[in-house]
Structure formats: structure tokens, C-alpha cells
Amino acid sequence: MAARTYGGSCHCGAVAYTVEIDTDQALKCNCTICTKLGAVWAFAPKAKFNLNKGAGEQGDYLFNKKVLHHRFCTSCGIESYAEGTGPDGSPMVGINLRCVEAIDVDKLSPKPWDGRSQ
Ligand SMILES: [Zn+2]
């Protein structure tokens with residue numbers, strides 16, 4: 001499947017975005033935060049991401065190497081995306097596909113990613 005544009009949001013809707021992603025690239029990660037979050041991720045260049053709402057209503061959680069900014073809504077607590085840089089240093093976003101209403105995560109086959117060992 002080719003990349004498509006989707007809308008995602010936190011639970012309460014304070015944070016909302018549109019993003020172009022390819023769900024064939026979905027990943028599930030075994031790192032400490034993804035285990036607790038239960039997220040399934042797809043990554044996109046930040047240029048394909050547009051934050052429509054909630055720039056001032058997000059927390060910014062960093063851990064381990066502190067390179068990935070975990071963005072969570074300060075009202076409902078849901079982390080709907082994360083920001084970081086790709087291997088070439090370009091800005092990237094990670095989309096929590098569970099926060100994209102048009103995507104049924106149970107119909108995807110996310111590839112395992114060994115984030116715990118990174
Ligand atoms: Zn919220």
C-alpha cells in the first residue's frame with residue numbers, strides 16, 4: 001500500500017494532526033516505553049506531518065538517550081506521536097497508529113523492532 005494522509009489525535013482531541021504514512025511500514029517495539037504504551041508505530045519525515053491543534057498542550061518526555069521526544073497531551077495523557085531524527089539526521093515523527101481513527105491496528109502486521117537493545 002502506498003502512503004496515505006491520515007488524521008490522528010489524542011483521546012480528548014486537544015492534540016490533533018494530519019500525516020502522510022505508509023501502514024506497510026508499521027513497527028512494534030519492545031523498548032521499555034513502548035511495552036507500557038502498547039503503541040504500534042509508523043514513521044514519516046516531519047515535512048509530511050502537520051500539527052493542527054495542541055502545540056501548547058503537550059508534555060515532552062525524554063528518557064534513555066533522550067533523542068526521541070515523546071509528546072503527550074497534558075489533559076488526557078495520551079501519547080499520539082513522538083518526534084526525533086532519522087539515521088541521516090533529518091527530522092522525523094513517529095505516529096502512534098492507535099491514535100489514528102481510520103487505521104485498524106489489528107489488521108496490520110507490524111514488524112518487531114528490538115528497541116530494547118538499541
Ligand atoms: Zn488529550
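In this predicted model, Cys-10 is buried, with a relative accessible area of 4%, and Cys-73 is likewise buried, at 2%. Both residues take part in the zinc site, where the protein donors are the SG atoms of Cys-10, Cys-12, Cys-73 and Cys-76, lying 2.3 to 2.4 Å from the ion. Along the chain, these donors follow the spacing C-x1-C-x60-C-x2-C, and the site thereby links distant parts of the chain, since Cys-10 lies in the loop between β1 (4-9) and β2 whereas Cys-73 belongs to strand β7 (residues 69-73), 63 residues apart. The 4 donor atoms subtend angles of 106 to 117° around the zinc ion, and the arrangement is therefore tetrahedral, because a tetrahedral assignment requires all angles to lie between 85 and 135 degrees.

Aromatic contacts were also examined, and the structure holds 5 aromatic pairs. One of them is formed by Tyr-17 and Tyr-81, whose rings meet edge-to-face at 5.6 Å centre to centre, with 70° between the planes. This pair, too, links distant parts of the chain, with Tyr-17 in strand β2 (residues 16-21) and Tyr-81 in strand β8 (residues 79-85), 64 residues apart. Both Tyr-17 and Tyr-81 are buried, and together with Phe-49 they form one aromatic cluster.

Another of the pairs joins Tyr-61 and Phe-63, which are stacked at 6.0 Å centre to centre, with 10° between the planes. Tyr-61 is partly exposed, with a relative accessible area of 40%, and Phe-63 is also partly exposed, with a value of 22%.

Conventions
Residues are numbered from 1 along each chain as its sequence is written. This is a predicted model: local features need pLDDT of at least 70, side-chain atom pairs count only at pLDDT 80 or more; totals for chains, interfaces and linings use all residues. Side-chain values use heavy atoms; hydrogens and water are left out. Rings of Phe, Tyr and Trp (its six-membered ring) pair if their centres lie within 6.5 Å; planes under 30 degrees apart count as stacked, over 60 as edge-to-face and the rest as tilted. Helices (H or I, at least four residues) and strands (E, at least two) are DSSP runs, numbered from the N terminus. Buried means under 20% relative accessible area, exposed over 50%, partly exposed in between (1.4 Å probe, protein chains only). Donors are N, O and S atoms within 2.8 Å of the metal (3.2 Å for Na, K and Ca); water is not among the atoms, so sites may look incomplete. Four donors count as tetrahedral if all angles lie between 85 and 135 degrees; four count as square planar and six as octahedral if opposite donors are over 155 degrees apart and all others between 65 and 115; anything else is irregular.
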